[in-house]
Amino acid sequence: MESLQVTRLLSCKSFIHTAKVGYNFRPVRQVRFGCLWKKTNKNDCLMIRSSFVNGGDREGGGGDGSDVGSPEGPAAVEDEREEKEPGFLLGAEKDGSGSVIGFHLIHPSGDDEVVESIKDIASYGVEKSEDIEGEKKAQADVCYNVVFVTSEAAPYSKTGGLGDVCGSLPVALGARGHRVMVVSPRYLNGTAADKNFSNAKNLGSRIKIYCFGGEQEVAFFHEYREGVDWVFVDHPSYHRPGNPYGDSNGAFGDNQFRYALLCYAACEAPLVLPLGGFTYGEKCLFLVNDWHAGLVPVFLAAKYRPYGVYKDARSILVIHNLSHQGVEPATTYENLGLPTQWYGALEWVFPNWARAHALDTGEAVNVLKGAIVTADRILTVSKGYSWEITTIEGGYGLDELLSSRKSVLNGITNGIDVTEWDPSSDEHIASHYSADDLSGKVQCKIALQKELGLPVRPDCPLIGFIGRLDYQKGIDLIRSAMPEILQDDVQFVMLGSGDTQYENWMRAMEVIYRDKYRGWVGFNVPISHRITAGCDILLMPSRFEPCGLNQLYAMRYGTVPVVHATGGLRDTVENFNPYAQGGSGEGTGWTFSPLSKESMLIALRIATSTYREHKSSWEGLMRRGMEKDYTWENAAKQYEQVFKWAFVDPPYIS
């Protein structure tokens with residue numbers, strides 16, 4: 001059994017290298033154990049061949065499709081490479097009579113260092129690994145088969161931060177040595193967005209799913225890109241006009257059905273899809289995102305583990321926004337294909353005040369609740385939000401349940417795409433700049449003022465807002481405070497869409513404050529970059545913000561954030577203290593609390609007065625924000641720690 005474990009662990013490293021040049025190789029399961037071990041003349045030890053330990057992707061084959069046990073494979077050239085690349089040794093353990101009673105692993109160095117575990121073999125040489133251009137890559141010390149399950153993943157589908165996370169984090173994890181699959185629907189809505197899936201090829205693998213009173217058949221499409229397997233579940237319910245969740249008439253009425261299909265397909269994909277020649281197998285780590293993927297841990301516990309499947313798998317629930325929970329009438333439970341005894345995991349009862357009428361019992365099923373109950377660990381997208389969801393104010397009725405699972409609840413701040421959001425190379429902005437040379441920042445401001453028809457005033461504080469026009473983002477607070485904000489000598493720019501009343505208000509404000517205010521109704525990527533680069537201050541008065549990305553983009557561009565102290569905003573924006581560091585100051589912006597017009601105005605006026613009267617302090621604020629590390633690489637390292645914790649305890653069993 002020990003030898004089998006060695007082979008399985010090493011296959012992860014072998015896959016990483018071969019995946020970079022294509023999928024043309026044989027499954028590791030075909031390896032013959034005779035080629036793994038060699039008798040040496042050193043202390044009567046057996047040696048593990050280093051060509052296999054280090055991945056089999058160098059000269060001699062193994063990673064290019066050749067059988068690693070063939071004469072053309074690594075075994076044929078091992079003798080001439082033995083001195084250059086020694087393998088691990090199995091040192092014989094003998095009893096008092098001299099009989100061999102076992103073996104221990106010895107590092108090939110001359111100091112007879114004992115290797116403590118099989119895990120050490122899997123990581124041997126990982127930190128030294130190089131990509132095909134020869135550049136050294138940071139690698140994880142333990143590799144996992146990671147399966148992301150998500151309703152959206154950029155650039156294929158995106159409505160907000162969820163799409164950004166599931167489009168970027170898998171790539172970062174893949175770059176660190178993990179084998180990563182993303183499972184998401186293949187949305188087709190008859191628009192230009194359909195071309196996002198043009199490179200995904202039909203795998204020719206179809207499965208039947210029994211749920212919702214019938215048999216459903218789904219297909220799988222696949223694209224290998226940036227070291228990640230992007231798998232798209234295809235079904236007619238994903239082919240309709242609108243966004244992933246609804247259209248102009250509101251949310252689709254069959255969303256429970258559509259995302260139950262996604263969860264079933266995601267559970268089957270690691271077992272049936274031979275990506276790159278072999279499947280991901282049963283020992284997977286499922287990262288399930290929000291309620292849309294919330295049935296995955298429930299299915300694992302109720303429909304797979306009782307039959308010995310996925311007994312070594314783990315699931316981690318990632319909560320991006322707790323306010324969306326996938327609540328449907330209780331009568332829909334029987335459609336999910338779950339055993340009747342599992343109803344309690346999803347059972348949800350609304351309080352009396354939330355019921356429609358006196359005869360309403362308030363009984364429902366809550367998919368996110370089921371995921372919280374059955375997931376092995378729970379993550380949120382910031383540390384602050386992981387605490388807020390355990391409070392009455394932020395828990396949306398799930399606070400007590402989440403509090404009971406505090407021991408497995410953590411928060412990790414999202415990263416940002418530092419290639420797309422880079423002021424030194426951004427193709428959308430008028431002038432490039434960096435923390436070492438801020439001269440281009442004012443040129444971006446002047447260009448933005450000209451583009452929007454505002455008076456060109458480089459010394460006038462320019463405040464920006466980018467976001468949805470809805471209650472969560474505190475747009476009502478901005479609306480009530482705007483007359484007082486514009487009494488001061490400032491300019492204000494807004495970009496966003498959402499509630500019709502706020503869109504109309506933005507248009508009216510342009511007429512009233514022609515020389516001070518501009519409102520862009522809608523969303524435009526190049527304009528969002530130019531506003532981020534051209535403004536001096538970014539205002540974010542969100543009522544709650546699980547993580548927030550705009551404040552991270554702003555700091556990256558030397559734009560100082562003024563934010564409500566909530567969730568990820570409180571975690572990422574450090575309050576400015578001008579008296580710290582011997583008077584040179586510290587901090588990256590301003591936070592305000594409580595959430596009120598008065599406290600927001602105070603914070604804004606402190607920021608604008610600092611901008612006008614303390615230029616050196618302002619430059620310090622800009623540079624400290626630009627130097628913060630909010631890369632996905634940093635976030636991926638923190639995710640790896642949670643992966644390790646997930647495998648410490650046994651998986652959820654009812």
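In this predicted model, the structure holds 25 aromatic pairs. Tyr-144 and Phe-647 form one of them, and because their ring centres are 5.4 Å apart and their planes meet at 20 degrees, under the 30 degrees that bounds the class, the pair counts as stacked. This pair links distant parts of the chain, with Tyr-144 in the loop between helix 4 (118-123) and strand 5, and Phe-647 in the segment after helix 20 (632-646), 503 residues apart. Tyr-144 has a relative accessibility of 12% and therefore counts as buried. Another pair, formed by Phe-197 and Phe-232, is edge-to-face, with 5.0 Å from centre to centre and 90 degrees between the planes. Here too distant parts of the chain are linked, since Phe-197 lies in the loop between strand 6 (179-185) and strand 7 (201-211), whereas Phe-232 belongs to strand 9 (residues 228-234), 35 residues apart. Phe-197 is buried at 4% relative accessibility, and Phe-232 is buried at 2%. Ring pairs also join Tyr-144, Tyr-639, Phe-643 and Phe-647 into a cluster.

Arginine side chains are placed over aromatic rings as well, and the table gives two such arrangements.

| Arginine | Ring it lies over | Distance from the ring centre |
|---|---|---|
| Arg-179 | Phe-278 | 4.4 Å |
| Arg-240 | Phe-252 | 4.7 Å |

Phe-643, a member of the ring cluster, is also among the residues with the most contacts inside the largest nonpolar core, which has 102 residues; Phe-148, Val-149, Val-183, Phe-286, Val-296 and Leu-317 are the others named. Helix 6 (residues 255-272) gives the most to this core, contributing 11 residues. When residues up to four places away in sequence are not counted, Phe-148 touches Cys-166, Leu-169, Pro-170, Leu-173, Val-180, Met-181, Val-182, Val-183, Leu-287 and Asn-289. Apart from this core lies another, of 49 residues, among them Ile-429, Cys-444, Met-555 and Phe-576.

Helix 19 shows how a single helix is covered by other elements. The 12 residues of this helix (residues 615-626) should span 16 Å at 1.5 Å a residue, and the end C-alpha atoms are 17 Å apart, which agrees with that expectation. Within helix 19, the buried residues are Ser-617, Trp-618, Gly-620, Leu-621, Met-622, Gly-625 and Met-626. What covers them includes helix 12 (439-452), strand 22 (537-540), helix 16 (550-556), strand 23 (560-564), strand 24 and helix 18.

The loops hold several backbone features. The peptide bond from Ala-154 to Pro-155 is cis, with omega near 5 degrees, and Pro-155 lies in the loop between strand 5 (145-149) and helix 5 (161-175). A cis peptide bond also joins Ser-593 and Pro-594, where omega is about 5 degrees; Pro-594 is placed in the loop between strand 24 (590-592) and helix 18 (597-613).

Positive phi values occur at two residues that are not glycine. Asp-290 has a phi of about 60 degrees and is found in the loop between strand 12 (285-289) and helix 7 (295-304). Is Asp-290 buried or exposed? With a relative accessible area of 7%, under the 20% limit, Asp-290 is buried. Tyr-310 has a phi near 60 degrees and sits in the loop between helix 7 and strand 13 (314-319). Tyr-310 is likewise buried, with a relative accessible area of 0%.

Conventions
Residues are numbered from 1 along each chain as its sequence is written. This is a predicted model: local features need pLDDT of at least 70, side-chain atom pairs count only at pLDDT 80 or more; totals for chains, interfaces and linings use all residues. Side-chain values use heavy atoms; hydrogens and water are left out. Helices (H or I, at least four residues) and strands (E, at least two) are DSSP runs, numbered from the N terminus. Buried means under 20% relative accessible area, exposed over 50%, partly exposed in between (1.4 Å probe, protein chains only). The expected span of a helix is 1.5 Å times one less than its number of residues. Contact means heavy atoms within 4.5 Å. A nonpolar core is a set of buried Ala, Val, Leu, Ile, Met, Phe, Trp, Tyr and Cys residues joined through side-chain atoms within 4.5 Å. Rings of Phe, Tyr and Trp (its six-membered ring) pair if their centres lie within 6.5 Å; planes under 30 degrees apart count as stacked, over 60 as edge-to-face and the rest as tilted. A charge sits over a ring if NZ of Lys or CZ of Arg is within 6 Å of the ring centre and within 35 degrees of the ring normal.
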